[in-house]
Amino acid sequence: MDLHVELPGLSLKNPIIPASGCFGFGKEYAALYDLSLLGGIAIKSATPQYRAGNPTPRIAETPSGMLNAIGLQNKGVDSIIENELPFLANYDTEIIANVAGACEEDYVEVIQKLNDQPVIKAYELNISCPNVKHGGIGLGTDPVLAAHVTKLCKEAATKPVYVKLSPNVTNIVEIAKAVEEAGADGLVLINTLLGMRIDLKTGKPLLTNKTGGLSGPAIKPVAIRMVYQVAQAVNIPIIGVGGITCAEDVLEFLNAGASAVEVGAQNFVDPYVCKTIIEELPSVLERYGYRSLQEAVGRSFKDE
Amino acid sequence: MDLHVELPGLSLKNPIIPASGCFGFGKEYAALYDLSLLGGIAIKSATPQYRAGNPTPRIAETPSGMLNAIGLQNKGVDSIIENELPFLANYDTEIIANVAGACEEDYVEVIQKLNDQPVIKAYELNISCPNVKHGGIGLGTDPVLAAHVTKLCKEAATKPVYVKLSPNVTNIVEIAKAVEEAGADGLVLINTLLGMRIDLKTGKPLLTNKTGGLSGPAIKPVAIRMVYQVAQAVNIPIIGVGGITCAEDVLEFLNAGASAVEVGAQNFVDPYVCKTIIEELPSVLERYGYRSLQEAVGRSFKDE
Amino acid sequence: MIQEQAKILSNQKIADQVYKMEIETTLSSQSAPGQFVEIQVPGYYLRRPISICEIQEGILTIIYKVLGDGTKVMSKMKAGETIDLFGPCGTGFPIENRDTVLLAGGGVGVPPLYECAKQYRNKNTNVQVVLGFNSKKDVFYVDEFEQLGCSVYVSTMDGSYGVKGTIMDALKEHAIEPNFVLACGPLPMLKAIDACAKEGYVSLEARMACGIGACMGCVVELVEGGMARVCKDGPVFLVGKVKL
Amino acid sequence: MIQEQAKILSNQKIADQVYKMEIETTLSSQSAPGQFVEIQVPGYYLRRPISICEIQEGILTIIYKVLGDGTKVMSKMKAGETIDLFGPCGTGFPIENRDTVLLAGGGVGVPPLYECAKQYRNKNTNVQVVLGFNSKKDVFYVDEFEQLGCSVYVSTMDGSYGVKGTIMDALKEHAIEPNFVLACGPLPMLKAIDACAKEGYVSLEARMACGIGACMGCVVELVEGGMARVCKDGPVFLVGKVKL
Ligand SMILES: Cc1cc2nc3c(=O)[nH]c(=O)nc-3n(C[C@H](O)[C@H](O)[C@H](O)COP(=O)(O)OP(=O)(O)OC[C@H]3O[C@@H](n4cnc5c(N)ncnc54)[C@H](O)[C@@H]3O)c2cc1C
Ligand SMILES: Cc1cc2nc3c(=O)[nH]c(=O)nc-3n(C[C@H](O)[C@H](O)[C@H](O)COP(=O)(O)OP(=O)(O)OC[C@H]3O[C@@H](n4cnc5c(N)ncnc54)[C@H](O)[C@@H]3O)c2cc1C
Ligand SMILES: Cc1cc2nc3c(=O)[nH]c(=O)nc-3n(C[C@H](O)[C@H](O)[C@H](O)COP(=O)(O)O)c2cc1C
Ligand SMILES: Cc1cc2nc3c(=O)[nH]c(=O)nc-3n(C[C@H](O)[C@H](O)[C@H](O)COP(=O)(O)O)c2cc1C
Ligand code: FES
Ligand code: FES
């Protein structure tokens, strides 16, 4: 079965994309399998400057999931252009640059620097970072702020802009619509849920950063719900993320309304997971009676 | 170790309370162990009238958790007073009446009817119901609405009022503070996260109600985070709920800032779980060096 | 009701995707035909309800079909390992004084009828059994029912064994009157039995959480109005009692 | 690196809460001393990093302490069962040309030093081994190191075996010079070694997610500035290289 998916700026040979922060810049996984097998790769968040990230421990396990508080550690956009993109140019896969920052100007700066990098096919705005200028409210949790940063990025960008939304909101549809109206070419749903674990030995939070982002199978029902709600409310494509471990999970996201998916934490558990899913997806689609991938998209809310 | 906890209206012999909707009115579990062992019981939500609830299927399994869409099925407050409370009066445990409704008047009506029932020691307002009058916004997701229903209930109630908050909000602290200011005697954190599963065989939501409430260990990190955030912002006690399966989990909630806890879905998995936790809690507290239960409360954010 | 880490005595395939497990457990002393056990499958959150197929001293037998992840894990369990049981749950089939009883089972609805057949045969009741499957490869327990002295009739959808068609076709073919029927199987079959049986009981399935009547997850509507819990008030209901 | 369902050959207790597991695996052909494997424990999400203790043809040995839920499950695995391994991960201890090497291990930091000892002894290097434990009941592998022809010194915190105190006390007591040291153990021990060793390597622990260098979960700060990944750039680092 043909797994091809055409999205703004992205011509994906299949809908499987490793999620940002869960695949580095591909080098480590390239030692395990050919990255050209992948539909695309969402590379680790880039900020204008080097960021050391949060102090360790940054990782905690949870039931069917994990918490991370990496804190956007990255070498800064210039170093990424110099040291990471040339390697990725060797592969026939669509590279999505995940863009982050502490304020709106940061997003614009990163985008301006990446605009003339041909290996980058689209941007994904990570607006879930809780440390921003605007009175401590995350850009991603307020529709007005989310729309504004989207608009600025769209003006700066020469490539399509996807916005990756935070699930830690009362009304995901409202934010999705605001971002669509501001010109977003697509949405990525969802980033991590805000969670915490306490180390019983000390009685203190296990992560030095105290809270962390919850990902893994535990959050899949929340991600599916949000994709389902948003897909019915917007007219731009959705890339689904959250707890995917197998081809069946991918089908669930497609049914919920996603056109493609990103696979995050499961890469840590099963380093071959993306390759395996790509191999198994055709037979899973056939088993459930689909003649094309497209037929599965949004089936959960479409009349038949 | 003495496990006694004194909370407004509730003199709990231990901090373990089966959560509303997960223990019915106690009858079924009374066949398994003596309910007088329990600190208290949060009984199934009561509404003014009989409610049939949602069509089935109402239950779906998820990784480390489950979805439910019972839809507040209950026989109405009058029937509960007549048929359920007399049985509960036989036990030496503190009964918390969980109160729900489709509008503010419903809450007040239920409370007025329960006020002269001596077996009820406190109210717990379930303001997470998404079907209310106010333009489809849940009472529990808007600080102004949440405060208002709290105020009305406090005026009507002759017993302490706890408010059970929805985790499906951008800013749990804001809502908790609004509710505290409106006179709440305590908080219960958290109700279920809104989630969904799709049945791959049909491509449609597995639950007839489409979305359901996610509970179980999967949501514990979110619950711990919210208890931790709210405990530092309010001066009323918190009852922690979400994913508790064992005495260690209880300690984690105490450390996060809860004074007592409710145990929900785990009753289904292990029908003796509350009894077991009560038996094991003293030795778990001792193992981690506590001389009293109180020492553990809020340790995660207290200087030592 | 008891929760127990019970010992698996055997776990063998008896038809396509269908397994029979014998379990050494004290639950057997409390069990009645038509009741079920709730099984904790390692790695999965909710317990799985599975009917009791046979009750012996200190031993319960269950028969289950691999339908999803949990039953798949169960099918890999080995004799000697333990399995976490809770039960017996629910209200089973009453054993009444009757001359003749017709047992109608479809697919994995067959197992609970076996203990019914045994107990009715012990009372010297005349037991007719009609079993419906999809295909020959799915058929099981025909010999076992015959060895109890039952008259057994089989139907398969594809006609590869017995009468071609449903149980209703087998009843017609063999001119069996559904006077007093105990039925367990897929919903369309139960509807057909519920409509034609003079008297009897049907056993239902539902997605369950608690399995003991506390959560209201598994309800069915009653014809007379109101709700009943499949796990507690059922799974066995009088014919004509519930809206199917 | 390979992901494999490998066969457990044995899994035995060798000290208080400490187990030794022999695994038949093709990973062994790629493994070097100081590298680790990532173990998938059924029922738990993240893999557990455990050092390689010994490398034989087609066999890896690991030694692990039951510290939490995952290692508890591991301790119950039986010979003949399979275990899901990924690895070998990380950059291990280089085997250099030296006259004498001092191996310093604390608690479950001891295991990776065993393969180092073996490979250095194969080169006829003079190998001194100093092992630190809490108490006599925790001591393991003294004989095994001696059988390789190493000089072994032991310290216990309570003095119930060997020198009372830390490894540093044992070094002082036996007047051993920390010239070229390979160390693995708890942070305070590594700090002490890092401070006094002329040359050598320390092996670190960190909470890991990916184990292959992609997630930045396990980083340590470098003395020269910047970050290194324990799972990929380490776990073995040159003495003096990282901020401990
Ligand atoms: C009272 C009762 C008696 C039963 N007796 C038998 C029996 O004797 N033999 C047999 O093979 N099957 C029986 N079933 C059906 C059996 O419970 C399901 O096939 C089984 O739960 C599927 O589990 P799974 O993990 O393989 O499927 P999954 O799809 O992975 O299960 C996911 C969740 O859905 C539930 N679920 C899925 N299918 C069903 C179903 N058909 N009915 C109820 N819950 C379901 C599971 O229990 C679990 O909670 C019975 C069901 C009920 C309610
Ligand atoms: C490179 C490396 C090599 C190691 N080699 C050994 C060894 O040879 N023998 C041995 O006994 N132990 C070793 N450890 C420590 C071992 O990884 C932990 O003891 C183990 O992960 C605890 O798992 P658990 O499920 O029992 O604990 P839990 O507390 O249930 O684990 C929860 C999570 O925290 C992680 N975690 C908990 N403690 C540690 C720790 N100390 N270090 C890293 N992650 C931790 C777990 O991996 C898991 O992700 C090593 C650690 C690293 C990083
Ligand atoms: C260790 C780790 C690091 C992450 N870093 C980023 C990041 O830099 N930028 C981003 O947008 N999302 C980041 N994420 C979120 C993931 O891309 C993904 O949205 C989330 O983990 C949910 O998917 P999953 O359940 O498949 O992991 C990170 C997740 C993990 C686990
Ligand atoms: C089947 C089911 C029914 C529930 N019914 C109610 C209810 O009637 N009222 C209420 O306030 N909460 C209800 N809840 C939510 C629980 O009380 C609890 O807040 C939630 O399940 C999280 O706790 P847990 O993870 O321990 O289950 C219900 C939960 C479940 C699983
Ligand atoms: S499953 Fe809970 S009431 Fe039946
Ligand atoms: S654990 Fe992911 S980089 Fe080390």
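In this predicted model, C218(C) touches A206(C), R207(C), M208(C), A228(C), R229(C), V230(C) and C231(C) once residues up to four places away in sequence are set aside. The position of C218(C) along the chain is in the loop between β13 and β14 of chain C, and with a relative accessibility of 4%, below the 20% under which a residue is classed as buried, C218(C) counts as buried.

One of the contacts of C218(C), that with C231(C), joins two members of an annotated set, since the unreviewed UniProt entry places the feature "binding site" at C210(C), C215(C), C218(C) and C231(C). These four positions are spread over 22 residues of sequence, yet they cluster in space, the largest C-alpha distance among them being 10.0 Å. From this set, C210(C) is taken into the lining of the second largest cavity.

C210(C) is likewise located in the loop between β13 (199-203) and β14 (219-221) of chain C, and its relative accessibility of 3% places C210(C) in the buried class. When neighbours within four places in sequence are left aside, the contacts of C210(C) comprise Y29(B), F268(B), E38(C) and C215(C); this list thus includes residues of chain B as well as C215(C), the latter being another position of the annotated set.

A second site is occupied by ligand 1, which is surrounded by 20 residues, the closest being R48(C), P49(C), K65(C), G70(C) and T71(C). Because the surrounding residues come from chains B and C, the site of ligand 1 is shared between chains. In terms of secondary structure, β4 (48-51), β6 (59-65) and α1 (69-75) of chain C each supply at least two residues of the shell around the ligand, and the largest share, four residues, is contributed by β4(C).

Several polar approaches to ligand 1 can be described at the atomic level. A nitrogen atom of the ligand lies 2.9 Å from a backbone N or O atom of I63(C), whereas an oxygen atom of the ligand is found 2.7 Å from a polar backbone atom of G70(C). For T71(C), by contrast, the side chain is involved, with one of its N or O atoms at 2.4 Å from an oxygen atom of ligand 1. Taken alone, ligand 1 exposes 830 Å², of which 89% is buried by the protein.

Notes. Residues are numbered from 1 along each chain as its sequence is written. Chains are lettered from A and ligands numbered from 1 in the order in which they are written. This is a predicted model: local features need pLDDT of at least 70, side-chain atom pairs count only at pLDDT 80 or more; totals for chains, interfaces and linings use all residues. Side-chain values use heavy atoms; hydrogens and water are left out. UniProt positions are given in the numbering used here, feature names are shortened, and annotations may be inferred rather than shown by experiment. On a 1 Å grid over the protein atoms alone, a cavity is a set of points where a 1.4 Å probe fits but cannot get out, and a pocket is an open set with protein on both sides within 12 Å along at least five of seven lines; lining residues have an atom within 4 Å of a point. Buried means under 20% relative accessible area, exposed over 50%, partly exposed in between (1.4 Å probe, protein chains only). Contact means heavy atoms within 4.5 Å. A residue is near a molecule or strand if one of its heavy atoms lies within 4 Å of it. A polar contact is a pair of N or O atoms within 3.5 Å; within protein, one must be able to donate a hydrogen and the other to accept it, and residues adjacent in sequence count only if both atoms are side-chain atoms. Accessible areas come from the Shrake-Rupley method with a 1.4 Å probe; for residues, only the protein chains shown count as cover.
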